[in-house]
Amino acid sequence: MVKVNENYGKLPGSYLFSEVARRIAAYTAAHPEANIIKLSIGDVTRPLAPAVIEAMHQAVEEMGTFEGFHGYGPEQGYPFLREAIAQFDYRERGVDIKPEEIFVSDGAKSDCGNIGDIFGVDNKVAVCDPVYPVYVDTNAMAGRAGEYQEETGRWSNLIYMPCVEENGFAPVPPKERADIIYLCFPNNPTGSMATREQLQQWVDYANANGSVILYDSAYEAFITGPDIPHSIFEIEGARTCAIEFRSFSKTAGFTGNRCAYTVVPMELERSGVKLNAMWNRRQTTKFNGVPYVVQRGAAAIYTPQGRQQIMESISYYQRNAQVIREGLTQAGLECFGGVNAPYIWLKTPDRMGSWDFFDLVLDRANVAITPGVGFGPSGEGYVRLTAFGDAQATCQAVERIRKML
Ligand code: PLP
């Protein structure tokens with residue numbers, strides 16, 4: 001009889017966004033007249049940039065000809081895209097990343113999950129609390145997380161690094177030795193950003209302990225401050241201890257197009273093996289590349305028109321973030337994030353529980369938000385609001401919450 005991966009059975013039942021969707025559906029069924037505004041799910045709403053559409057159209061035309069047809073492409077991505085990423089996302093910012101260190105993929109979610117393939121099961125994993133759930137669940141599936149403890153909402157084998165108001169929602173290196181460390185800046189869900197000094201502390205820790213930092217910077221495009229690092233590779237020593245994940249999803253509205261990339265520096269070695277070579281082996285064995293048409297679309301964001309057009313969309317979302325942050329702060333609520341990130345981390349009034357506040361806002365303001373506790377126990381007493389909605393609807397949602405208060 002076949003044995004299944006029993007780690008899947010240890011995963012707690014309901015995924016956060018399914019529960020959010022279930023409660024919205026139940027409310028809508030009971031109140032069909034309600035016009036719910038969703039500031040809950042982190043998906044983009046603006047259409048693709050014209051430069052991307054044009055490049056994709058052209059690529060589709062090419063695919064219809066003998067000369068321009070593309071079958072299987074290189075698993076690591078086409079040279080034109082890897083070269084553009086190296087040039088515009090790194091060299092232009094003074095960071096030397098070579099195209100061979102870049103692996104184009106179908107998403108940062110896949111990469112964050114799949115990267116576990118190249119690490120042993122008995123590594124000690126450290127995650128932030130609250131956290132993007134993919135890091136935790138994929139380690140649980142791989143058997144690295146131990147047992148889920150209902151009472152604490154934590155896994156027995158993971159190291160949790162609380163990201164709370166006292167530390168500015170940025171984790172500090174744990175006392176216990178961590179082998180694999182997930183960091184995400186700009187952060188989902190808290191919208192926080194780490195300083196250069198804080199990242200330097202992490203890089204020094206990882207180099208001293210032989211750890212590897214898995215740095216998720218899916219929201220890099222939302223960074224506004226001039227001194228804020230856009231990449232972990234801006235930090236001295238990171239090439240020997242870090243892997244970086246980036247995505248076109250939030251940068252260029254590619255959530256439905258699927259394109260991202262992972263950077264594994266050549267110098268990064270553990271147990272005498274280059275992790276770049278391991279990831280290359282993993283990708284060439286299990287992945288057959290991102291469609292040519294999609295990669296042409298992604299490359300178009302590096303043209304002068306493409307850059308300007310995606311910046312317009314990002315500014316649109318940044319204005320939404322400002323409207324939410326300022327509107328709710330003026331209403332007397334405590335807001336964090338929303339400056340270098342498209343997420344606002346809102347403290348519930350009167351220490352109300354996350355789910356209670358979710359239900360209250362849904363019922364009284366007809367606005368859907370995301371309960372912070374769904375991202376980890378330290379998220380209790382907070383909710384996350386996203387800036388990815390329509391501008392008018394966002395203003396209306398803020399107004400409704402203000403009235404409700
Ligand atoms: N990383 C973080 C922190 C995210 O919040 C998300 C999406 O919400 C992703 C990765 C997924 O990115 P992609 O669409 O490239 O899979």
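This is the transcript of a short group-meeting talk on a predicted model and the ligand it holds.

Hi everyone, and thanks for coming. What you have in front of you is a predicted model, so please take everything I say as computed from that prediction. I'll begin at the ligand, move out to the two sheets, and finish with a few spots in the loops.

So, the ligand. Which residues come nearest to it? There are 14 residues around the ligand, and the nearest of them are Ala108, Asp216, Tyr219, Ser247 and Ser249. In terms of character, that shell splits into 6 nonpolar, 4 polar and 4 charged residues.

Let me pick out some individual distances to oxygen atoms of the ligand. Tyr219, which I just named among the nearest residues, has a polar side-chain atom 2.6 Å from a ligand oxygen. Lys250 also brings in its side chain, with a polar atom 3.0 Å from an oxygen of the ligand. Lys109 takes part through its backbone: a polar backbone atom there is 2.9 Å from a ligand oxygen.

How much of the ligand does the protein bury? On its own the ligand would expose 400 Å², and the protein buries 90% of that. If you'd like to find the shell by secondary structure, look for helix 4, residues 108-114, and helix 7, residues 248-252, since these are the elements that give two or more residues to it.

Now to the sheets. One of them is an open sheet of 7 strands with mixed pairing, and the order is 2-10-9-8-7-3-6. Its edges are strand 2, at 102-105, and strand 6, at 159-162, each pairing on one side only. Neighbouring strands in this sheet are turned by 20° against each other on average, ignoring direction.

Helix 3, residues 79-90, packs on this sheet and touches strand 2, strand 9 (242-247) and strand 10 (260-263). The direction of helix 3 makes about 115° with that of strand 2. For a parallel pair in the sheet, look at strand 3 (residues 125-129) and strand 7 (residues 180-184), which are linked by 2 bridges. There you can see Val125 standing opposite Ile180 of strand 7.

The other sheet I want to show you is open too, with 4 strands in the order 13-14-17-16 and antiparallel pairing. Here the edge strands are strand 13 (334-337) and strand 16 (370-371), each with pairing on one side only. Inside the order, strand 14, residues 343-347, and strand 17, residues 382-386, run antiparallel and are joined by 5 bridges. Leu346 stands opposite Val383 of strand 17.

Staying in that region, please find Gly353, in the loop between strand 14 and helix 11, which covers 354-365. What does Gly353 touch, leaving aside its neighbours within four places in sequence? Its contacts are Thr348 and Glu380. The C-alpha atoms of Gly353 and Gly381 are separated by 4.9 Å, although the two residues are 28 apart along the chain.

Last, some backbone geometry. Where do the cis peptide bonds I'd like to show you sit? One joins Phe185 and Pro186, with omega about -10°. Another runs from Asn188 to Pro189, with omega near 20°. Pro186 lies in the loop between strand 7 and helix 6, the helix at 196-209, and Pro189 is in the loop between strand 7 and helix 6 as well.

And one more for your list: Arg258 is not a glycine, yet it has a positive phi of about 70°. You'll find Arg258 in the loop between helix 7 and strand 10. Helix 7, remember, is one of the elements that give two or more residues to the shell around the ligand, and that brings us back to where we started. Thanks for listening!

Note on methods: Residues are numbered from 1 along each chain as its sequence is written. This is a predicted model: local features need pLDDT of at least 70, side-chain atom pairs count only at pLDDT 80 or more; totals for chains, interfaces and linings use all residues. Side-chain values use heavy atoms; hydrogens and water are left out. A residue is near a molecule or strand if one of its heavy atoms lies within 4 Å of it. A polar contact is a pair of N or O atoms within 3.5 Å; within protein, one must be able to donate a hydrogen and the other to accept it, and residues adjacent in sequence count only if both atoms are side-chain atoms. Accessible areas come from the Shrake-Rupley method with a 1.4 Å probe; for residues, only the protein chains shown count as cover. Ala, Val, Leu, Ile, Met, Phe, Trp, Tyr, Cys and Pro count as nonpolar, Asp, Glu, Lys and Arg as charged, and the others, Gly among them, as polar. Two strands pair if DSSP finds at least two bridges between them. Axes are lines fitted to C-alpha atoms, for helices over the stretch in contact, and angles run from 0 to 180 degrees between N-to-C directions. Contact means heavy atoms within 4.5 Å.
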